[in-house]
Amino acid sequence: MVDQVCLDCGMSVAEMVQHCPKCDNDLSAQHDGSTITVDIAHKGESISEALRLMQSEVDLARKGVAMCIRLVVGSGLIREEVMLALRNLKYRGEIKGFNLEPKNAGAILINLK
Ligand SMILES: [Zn+2]
């Protein structure tokens, strides 16, 4: 089963492979520079629902090639809780970092790679 492609040499590689067998690039560190936008706070989500959504989006995105997630969190409690949860993810090394979006405090930019 093939479901990732080395962005450096174009080699198709099985999902669980960490390094490209052809050019030895670290596949988990490759990204295409793109940003995924996800709104987790505008359908009346509770805090725990929003946190669950955030976690599943991060898990999903880490398997892909996007560089960032732009998480729309609004300005209330969800943002506070998500910031705390992201601090944990960063501590565990699951994300590289995160920041409130400049000029829009209702969104958080997460650096995945
Ligand atoms: Zn390669």
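Here is a friendly exchange about the helices and the sheet of this predicted model.

Colleague: Before we start, what does the chain average in pLDDT?
Modeller: This is a predicted model, in which local features need pLDDT of at least 70 and side-chain atom pairs count only at pLDDT 80 or more, while totals for chains, interfaces and linings use all residues. Residues are numbered from 1 along each chain as its sequence is written. pLDDT is the predictor's confidence in each residue, from 0 to 100. Here 98% of the residues score at least 70, and the chain average is 93.

Colleague: Thanks! Which residues of α2 are buried?
Modeller: Helices (H or I, at least four residues) and strands (E, at least two) are DSSP runs, numbered from the N terminus, and α2 covers residues 77-91. A residue is buried if 20 or more other C-beta atoms lie within 10 Å of its own, exposed if 12 or fewer, and partly exposed in between, with C-beta atoms placed from the backbone. In α2 the buried ones are Ile78, Arg79, Val82 and Leu86.

Colleague: Why do they sit on the same side of α2?
Modeller: An α-helix has 3.6 residues a turn, so residues three or four places apart point the same way. The arc is that of the directions from the helix axis to the C-beta atoms. The buried residues of α2, Ile78, Arg79, Val82 and Leu86, are on the same side because their arc is only 90 degrees.

Colleague: And which strands do those buried residues pack against?
Modeller: Two residues are in contact if their C-beta atoms, placed from the backbone, lie within 7 Å. Besides helix α1 (47-63), the buried residues of α2 pack against β4 (68-72), β5 (97-101) and β6 (104-111).

Colleague: Nice. Which strands stand at the edges of the sheet?
Modeller: Two strands pair if DSSP finds at least two bridges between them. The open sheet has four strands in the order β3-β4-β6-β5, with mixed pairing. Two of them have a single partner strand each, so one side of each is left without a neighbour in the sheet: β3 (35-39) and β5.

Colleague: How many bridges join β4 to β6?
Modeller: These two strands run antiparallel, and one pair of bridge partners is valine 72 with alanine 107 in β6. The number of bridges joining β4 to β6 is five.

Colleague: Last one: which residues of α1 are exposed on its other side?
Modeller: Ala50, Met54 and Ala61 are buried in α1. They fall within an arc of 40 degrees, so they line one face of the helix. On the other side, the exposed residues are Ser48, Ser56, Asp59 and Lys63.

Key. Expected span 1.5 Å × (residues − 1).
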